Amino acid sequence: VSTSQIKAETDSFSVFGQFDWAFTDAVKATVGARWVQDRKDFRLGFQYLFAPIPAPPDVVLANTYSELTPKFGIDWKVDAGWADSLLLYGSAARGFKSGGYNGINIFDNSIASTAYAPESNWTYEAGAKIDMLGSTLRINAAYFFADVSDIVMNSTVVVNNQPSFPVDNQGDADIQGLELETTWVPTDNLTLFANLALLDGKYKNIQPGSAAADAPALYQVTATPPQLPDYTIAFGFDYGFDVALGANGGRVSFGADMYRTDDYVTAATNDFVVKAYNRINAFVGLSLGDSWDFRLAAKNVADDREVYVGAPGNTR
């Protein structure tokens with residue numbers, strides 16, 4: 001349909017620093033900051049291939065994005081009789097991703113003419129890291145909340161009566177999650193693990209004219225931020241034992257793990273949905289001394305299959 005020539009250049013400069021202050025042997029505070037400036041230049045030349053339509057003028061854009069992103073944190077090592085070690089922590093940090101340009105232009109170059117704006121967020125996190133049972137059991141738990149402004153996403157929209165695929169700003173969103181990671185070593189040879197993540201996200205407001213704003217009318221869905229399954233879980237084990245092999249001995253190991261994710265949407269328009277699925281993986285390995293390690297690994301040993309194809313309004 002068309003061909004494009006793209007030249008993109010980014011010069012990024014940053015200055016950053018971090019200070020830790022130990023109030024006591026158990027309590028430490030952290031203060032840090034980063035200043036970043038991204039200077040971006042973009043040129044796109046566009047030509048139609050199968051129609052006698054003259055090429056439009058080149059798109060030439062230049063933007064400078066800069067931001068100061070601070071970080072604050074506190075750690076507290078708690079002397080708890082029931083735990084071998086207990087660390088409580090909290091943090092607040094600002095994140096920033098500079099704006100950019102659209103190079104995917106198939107039917108026309110109109111969406112290349114405007115840069116999308118930067119995305120920023122404040123993320124707050126609190127958690128605990130615990131070692132128990134003679135340091136054989138480790139539990140890490142964390143809760144986070146992200147206040148995201150001008151969230152940037154891939155979109156599938158219609159521009160000038162033709163499908164287009166811009167990256168653009170959708171609005172502001174709140175995203176929160178709870179993560180739990182456990183590792184248990186009941187014997188010297190066996191390690192067990194189990195992880196759980198719970199996620200939730202919603203728009204506080206949606207940019208008028210954005211793909212997320214069009215989603216309810218086009219696809220009869222309530223627009224939600226993508227890539228946020230309600231839950232993901234993973235658990236597994238690995239086991240190893242020494243064997244008399246060669247001058248330095250060897251070690252045989254094997255293990256398996258299972259991963260499951262809930263449904264989630266993949267684009268701002270919420271028209272593409274990845275259904276819940278499982279993955280089971282396994283491995284067997286042999287180590288020879290400290291120099292050699294051989295491993296045979298298999299992914300998706302249950303041969304579960306999901307195929308997703310389609311276009312806007314026709315997805316299965």
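Let's start with one contact: Asp147 and Lys204 join their side chains in a salt bridge, with N and O 2.6 Å apart. This pair brings distant parts of the chain together, since Asp147 belongs to strand 6 (residues 137-149) and Lys204 to strand 12 (residues 190-206), 57 residues apart. Keep in mind as you look around that this is a predicted model.

How accessible are the two partners? Asp147 is partly exposed, with a relative accessible area of 25%. Lys204 also counts as partly exposed, at 44% relative accessibility.

Lys204 has another partner too. Asp174 forms a salt bridge with Lys204, and here the closest N and O atoms are 3.8 Å apart. Asp174 sits in strand 11 (residues 171-187) and Lys204 in strand 12, so this pair ties together parts that lie 30 residues apart in sequence. Asp174 has a relative accessibility of 16%, so it counts as buried, the cut-off being under 20%. Put these contacts together and you get a network of salt bridges that links Asp147, Asp174 and Lys204.

How many salt bridges does the structure hold? The count is 8. Another one of them joins Lys97 to Glu119, where the closest N and O atoms are 3.8 Å apart. Lys97 is in strand 4 (residues 85-97) and Glu119 in strand 5 (residues 119-132), so the contact ties together parts 22 residues apart in sequence. Lys97 is partly exposed, with a relative accessible area of 45%, whereas Glu119 is buried at 13%. As for the general idea behind such contacts, side chains of opposite charge can pair when their charged atoms come close.

Now step back to the strands themselves. The protein chain has 1 helix and 20 strands. With a radius of gyration of 25 Å, well over the 20 Å that the globule rule gives for 316 residues, the chain is more spread out than a compact globule. Its C-alpha atoms fill a box of roughly 75 × 55 × 45 Å along the principal axes. Buried residues account for 32% of the 316 residues.

In what order do the strands of the open sheet run? Follow 1-2-3-4-5-6-11-12-13-14-17-18 and you have walked across an open sheet of 12 strands with antiparallel pairing. At its edges stand strand 1 (2-22) and strand 18 (292-298), each with a single partner strand, so one side of each is left without a neighbour in the sheet. From one strand to the next, the twist averages 15 degrees.

For a view of one pairing in this sheet, look at strand 14 (residues 250-261) and strand 17 (residues 277-288), which pair in the antiparallel sense over 12 bridges. Arg260, for instance, has Asn278 in strand 17 as its bridge partner.

Next come the aromatic rings. A pair of such rings is described by the distance of the centres and the angle of the planes. A search of the whole structure finds 8 aromatic pairs. One of them is edge-to-face: Phe46 and Tyr48 have 5.1 Å between their ring centres and 90 degrees between their planes. Phe46 is buried, with a relative accessible area of 1%, while Tyr48 counts as partly exposed at 25%.

Trp122 and Tyr124 are arranged in another way: their ring centres are 6.2 Å apart and their planes are at 15 degrees, so this pair is stacked. Trp122 is partly exposed, with a relative accessible area of 25%, and Tyr124 is partly exposed at 37%. Elsewhere, ring pairs link Phe237, Tyr239, Phe241 and Phe254 into a cluster.

To finish, turn to rings that have a charged side chain over them. Which residue lies over the face of Phe16? That is Arg34, at 4.4 Å from the ring centre. Phe283 has Arg295 over its face, at 3.9 Å from the ring centre.

Technical notes:
Residues are numbered from 1 along each chain as its sequence is written. This is a predicted model: local features need pLDDT of at least 70, side-chain atom pairs count only at pLDDT 80 or more; totals for chains, interfaces and linings use all residues. Side-chain values use heavy atoms; hydrogens and water are left out. Rings of Phe, Tyr and Trp (its six-membered ring) pair if their centres lie within 6.5 Å; planes under 30 degrees apart count as stacked, over 60 as edge-to-face and the rest as tilted. Buried means under 20% relative accessible area, exposed over 50%, partly exposed in between (1.4 Å probe, protein chains only). A charge sits over a ring if NZ of Lys or CZ of Arg is within 6 Å of the ring centre and within 35 degrees of the ring normal. A salt bridge is a side-chain nitrogen of Lys or Arg within 4 Å of a carboxyl oxygen of Asp or Glu. Helices (H or I, at least four residues) and strands (E, at least two) are DSSP runs, numbered from the N terminus. Two strands pair if DSSP finds at least two bridges between them. Axes are lines fitted to C-alpha atoms, for helices over the stretch in contact, and angles run from 0 to 180 degrees between N-to-C directions. The radius of gyration is taken over C-alpha atoms; the globule rule is 2.2 Å times the number of residues to the power 0.38.
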